[in-house]
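Here are a few short exercises to work through with the model open. Try each task yourself before you read its solution.

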Amino acid sequence: MHLYSSTDSRISAYGIIALIAVLTAIAADTVTEALDIGPGLLFSAPTAAAAYGLLYRLIDATAWRWTWLHRLGFIKTPIVEGIYEGRLVSSYNNTTLPIKICIDQSWTSIAIRFEVLGTRTSSSYSIAANLSTEGHQHARLTYTYRNAVQPGIADPDMNDQEGTYGSEG
C-alpha cells in the first residue's frame, strides 16, 4: 500500500492523538510515582512517544472506520475499501469486458488493483492516489496506475503503460 492524499485535514486528528498521548504519559507518571516504582518524570517522554505511536497505529489500522469517530468529526476520510465489479467499454475493437477493482485502505494508505476478468491480458495497480469530497456529493477517487501486460497472452501491440483514472461514487 502507498500513502494517499485527502481533502480531509488530518492535522486536527494528529493533535487529538498527541493530546491523548500526553495525558496518558501524565497518568502513567502519576501511577509510577504513587506506587514508587519508577524514576518519575523520566517516564514522560518515552511514554508519550509510545502512547502516540500506539494510538496512531490503532486509528490508522482500525479505529478510523468507527462510525462514532466520523459522527464526531474526528475522522472525515470516506471509506472506499471493497471489491467493485462492472464492465469496461473499450474503444479498442469495440469490446465490453467484465472488470473487478479491489481497494485496500487504511486511514493513510491505499492500494488499488484493476483486473480485466476472463482475458487476464494485463493487470493494473495504483502508485499514487487522492481521495476527495470537496465540491462533490460523494467521494471522488483519482489515482495514477501502472499497467503491466502479460507477455504471450496479450495482443502483440499491447505495451506496459502508466495513466490516471478518476471515479466518483
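**Exercise 1.** Find what I103 touches, leaving aside its neighbours within four places in sequence.

*Solution.* Start with the ground rules: this is a predicted model, where local features need pLDDT of at least 70, side-chain atom pairs count only at pLDDT 80 or more, and totals for chains, interfaces and linings use all residues. Residues are numbered from 1 along each chain as its sequence is written, and side-chain values use heavy atoms, with hydrogens and water left out.

Step 1: place the residue. I103 lies in strand 4; strands here are DSSP runs of E with at least two residues, helices are H or I runs of at least four, and both are numbered from the N terminus.

Step 2: list the partners. Contact means heavy atoms within 4.5 Å, and I103 is in contact with V80, E81, G82, Y84, I110, A111, I112 and L141.

Step 3: check burial. I103 has a relative accessible area of 7%, so it is buried (under 20%; exposed is over 50% and partly exposed in between, with a 1.4 Å probe and protein chains only).

**Exercise 2.** Work out which elements give two or more residues to the largest nonpolar core.

*Solution.* Step 1: know the term. A nonpolar core is a set of buried Ala, Val, Leu, Ile, Met, Phe, Trp, Tyr and Cys residues joined through side-chain atoms within 4.5 Å.

Step 2: find the core. It has 15 residues, and I103, I110, I112, A129, L141 and Y143 are those with the most contacts inside it.

Step 3: name the elements. They are strand 4 (95-105), strand 5 (109-116), strand 6 (122-132) and strand 7 (140-149). Strand 5 gives the most, with four residues.

Step 4: look elsewhere. A second, separate core of nine residues includes A13, I59, A63 and W107.

**Exercise 3.** Decide how the rings of W66 and W68 are arranged.

*Solution.* Step 1: recall the cut-offs. Rings of Phe, Tyr and Trp (its six-membered ring) pair if their centres lie within 6.5 Å; planes under 30 degrees apart count as stacked, over 60 as edge-to-face and the rest as tilted.

Step 2: search. The whole structure holds six aromatic pairs.

Step 3: apply the rule. The centres of W66 and W68 are 6.1 Å apart and the planes sit at 25°, so this pair is stacked. W66 counts as partly exposed, at 36% relative accessibility.

Step 4: spot a cluster. Ring pairs also link Y14, Y52, Y56 and W107.
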